Structure formats: structure tokens, C-alpha cells
Amino acid sequence: MLLDLFESAAEVESQPAALGPGAVILRGAAAPTAAVLLAAVEHMIDQSPLRFMTTPGGYRMSVAMTNCGAAGWITDRSGYRYDAIDPLTGRPWPAMPSAFTDLACSAAATAGFSDFRPDACLINRYEPGARLSLHQDRNERDFNAPIVSVSLGLPAVFLFGGTQRSARPRRVPLLHGDVVVWGGPARLNFHGVVPLKEGHHPLLGRSRVNLTFRKAL
Ligand code: MD3
Ligand code: FE
């Protein structure tokens with residue numbers, strides 16, 4: 001029956017799939033709540049605005065960033081670190097909204113990390129041309145905790161490398177609503193984002209927003 005075919009296709013689409021050892025993708029898992037998530041982002045950037053941070057080497061990042069939660073990731077001339085205070089406002093980062101916590105915890109649980117509780121969420125805003133060069137996320141204290149990422153808006157090509165910088169990365173498209181849990185053997189893999197292509201998204205216009213949930217402390 002045709003209806004059964006469509007139903008099973010829809011089910012398969014939302015099933016967790018392995019991108020590689022330790023990396024589980026939930027295609028479209030955040031699409032139903034995207035409008036709620038983005039309204040929370042708007043409220044957040046009223047309190048702690050998006051800004052272009054400076055790398056320790058003195059380069060201005062092309063991705064605009066802010067944070068919510070007990071700790072926020074920052075970079076400046078003195079290095080990369082987490083801090084409870086937003087250096088731009090001198091105040092704590094905005095609290096993590098329950099819609100964020102709920103999504104991150106349920107995605108992590110689906111991937112087998114039922115005790116994951118994020119205390120930091122880095123919000124990355126890409127406009128066409130913005131990119132993130134190959135790096136590892138190593139400023140968190142506990143590498144046993146996974147990182148959960150949520151992609152919204154324009155599609156991006158994600159670079160998924162290995163544990164050595166020299167391994168040639170795979171190119172993985174990340175689309176609006178995709179949620180990925182990066183844990184276990186994938187936790188310290190090199191990764192990056194190729195320059196965002198020009199485009200228009202119905203909810204976000206010329207931009208992509210990525211939320212990364214971490215246990216930083
Ligand atoms: C794989 N952000 O904020 S999310 C970052 O799309 C970051 O904005 C990218 O890399 C973005 O640090 C990629 C996917 C991601 C995040 C963390 C990871 C993949 C990861 C940590 C380990 C391995
Ligand atoms: Fe990263």
C-alpha cells in the first residue's frame with residue numbers, strides 16, 4: 001500500500017544513523033521546534049549580542065558567536081576558554097532556555113548518553129562566506145560527555161576529520177533541523193565548516209545558526 005511506503009520512509013528518515021564511530025545524526029529532529037528555538041535565540045542576542053571574536057593568533061573569526069548557560073566559550077588574544085561572564089556585557093550569559101535543554105538531552109539519550117546535561121551552549125551564526133577551519137573541541141573538562149549540535153537555516157558542508165589533523169575529512173551536508181551527537185570515539189575528531197554558500201532560508205534569510213551543547217564544567 002502506498003501509504004505504508006510513505007510512513008516507513010518517514011520513520012527511516014527520523015531514525016538515528018551513524019555518521020561514523022561515535023557520531024549519530026538525527027536528520028530533521030529539530031525542524032518541528034525550529035521556530036521556538038529561533039525565538040529563544042532572538043531573545044538571547046538582545047542580552048548577549050552576537051560578536052566576532054578574535055583568535056589567539058589575532059584573526060577575527062568570520063562566524064559571529066554568543067553563548068547561553070552557566071558557561072560560555074570565548075576566544076581572545078590570550079586564548080580559548082570557558083567563562084561564566086560575557087566579556088562584552090560584564091554580566092553572566094543568558095540562562096539556557098528549557099527548549100534548548102530538552103532537545104539536547106533527548107538527542108543525547110537517543111544516541112546512548114542518557115545522563116548528558118549541558119551547561120554551555122555556543123551559538124554560531126554564519127552568513128555567506130563564513131567558515132570554521134579544521135579544529136578540535138578540547139576546552140571542556142570531561143571528554144566522556146558528548147557534544148550535541150543543532151543546525152538551523154541555510155545548509156552547510158561539514159568537514160568530519162579524524163583524530164589526526166592530517167586525515168582527509170569527509171564532507172557531510174548539514175541541513176536545517178539536523179541534530180548530531182558527537183561522543184565516544186568521535187569526541188576529539190577534527191572538524192570544520194566550509195565557507196557558507198549564498199542562499200535564502202524561509203526562517204533565517206541569508207544565514208545559518210548552529211547551536212552546540214556542551215558539558216564544559
Ligand atoms: C565533532 N561548530 O562550535 S557543529 C564548534 O557548524 C563547531 O558551527 C560547527 O565546530 C558549526 O566548535 C560544527 C558540529 C560539531 C561540533 C562539535 C564537535 C562536530 C563535532 C566536536 C567533536 C567532533
Ligand atoms: Fe568545534
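This report covers the iron site, the ligand 1 site, the surroundings of Glu-140 and the aromatic pairs of a predicted model.

**Iron site**

The iron ion (ligand 2) has three donor atoms listed by residue: His-135 through NE2, Asp-137 through OD and His-191 through NE2, at 2.0 to 2.2 Å. Along the chain these donor residues follow the spacing H-x1-D-x53-H. His-135 belongs to strand β7 and His-191 to strand β12 (residues 191-193), so this pair ties together parts that are 56 residues apart in sequence. His-135 is partly exposed, with a relative accessible area of 22%, whereas His-191 is buried at 16%.

**Ligand 1**

His-191 also appears at ligand 1: of the 19 residues around this ligand, Asn-124, Tyr-126, His-191, Arg-208 and Arg-214 come nearest. Polar side-chain atoms of several residues lie beside oxygen atoms of ligand 1, as tabulated here.

| Residue | Distance from a polar side-chain atom to an oxygen atom of ligand 1 |
|---|---|
| Asn-124 | 3.0 Å |
| Tyr-126 | 2.5 Å |
| Arg-208 | 2.8 Å |

Taken alone, ligand 1 exposes 490 Å², and the protein buries 98% of that area.

**Glu-140**

Glu-140 sits in the loop that runs between β7 (132-135) and β8 (147-153). Its relative accessibility is 5%, under the 20% limit, so Glu-140 counts as buried. The side chain of Glu-140 makes a polar contact of 2.7 Å with that of Arg-187 and another of 3.0 Å with that of Arg-214. Arg-214 is also among the residues that come nearest to ligand 1. Apart from neighbours within four places in sequence, the contacts of Glu-140 are Tyr-82, Arg-187, Arg-214, Lys-215 and Ala-216.

**Aromatic pairs**

The structure holds five aromatic pairs. In one of them, Phe-100 and Phe-213 have ring centres 5.7 Å apart and planes at 85°, so the pair is edge-to-face. Phe-100 lies in helix α3 (residues 98-110) and Phe-213 in strand β13 (residues 208-214), so the pair ties together parts that are 113 residues apart in sequence. Phe-100 is buried at 0% relative accessibility, and Phe-213 is likewise buried at 0%.

For Phe-158 and Trp-182 the ring centres are 4.9 Å apart and the planes at 45°, so this pair is tilted. The pair links distant parts of the chain, with Phe-158 in strand β9 (residues 156-160) and Trp-182 in strand β11 (residues 179-182), 24 residues apart. Phe-158 is buried, with a relative accessible area of 7%, and Trp-182 is buried at 9%. Ring pairs join Phe-158, Phe-160 and Trp-182 into a cluster.

Definitions and conventions:
Residues are numbered from 1 along each chain as its sequence is written. Chains are lettered from A and ligands numbered from 1 in the order in which they are written. This is a predicted model: local features need pLDDT of at least 70, side-chain atom pairs count only at pLDDT 80 or more; totals for chains, interfaces and linings use all residues. Side-chain values use heavy atoms; hydrogens and water are left out. Helices (H or I, at least four residues) and strands (E, at least two) are DSSP runs, numbered from the N terminus. Buried means under 20% relative accessible area, exposed over 50%, partly exposed in between (1.4 Å probe, protein chains only). A polar contact is a pair of N or O atoms within 3.5 Å; within protein, one must be able to donate a hydrogen and the other to accept it, and residues adjacent in sequence count only if both atoms are side-chain atoms. Contact means heavy atoms within 4.5 Å. Donors are N, O and S atoms within 2.8 Å of the metal (3.2 Å for Na, K and Ca); water is not among the atoms, so sites may look incomplete. A residue is near a molecule or strand if one of its heavy atoms lies within 4 Å of it. Accessible areas come from the Shrake-Rupley method with a 1.4 Å probe; for residues, only the protein chains shown count as cover. Rings of Phe, Tyr and Trp (its six-membered ring) pair if their centres lie within 6.5 Å; planes under 30 degrees apart count as stacked, over 60 as edge-to-face and the rest as tilted.
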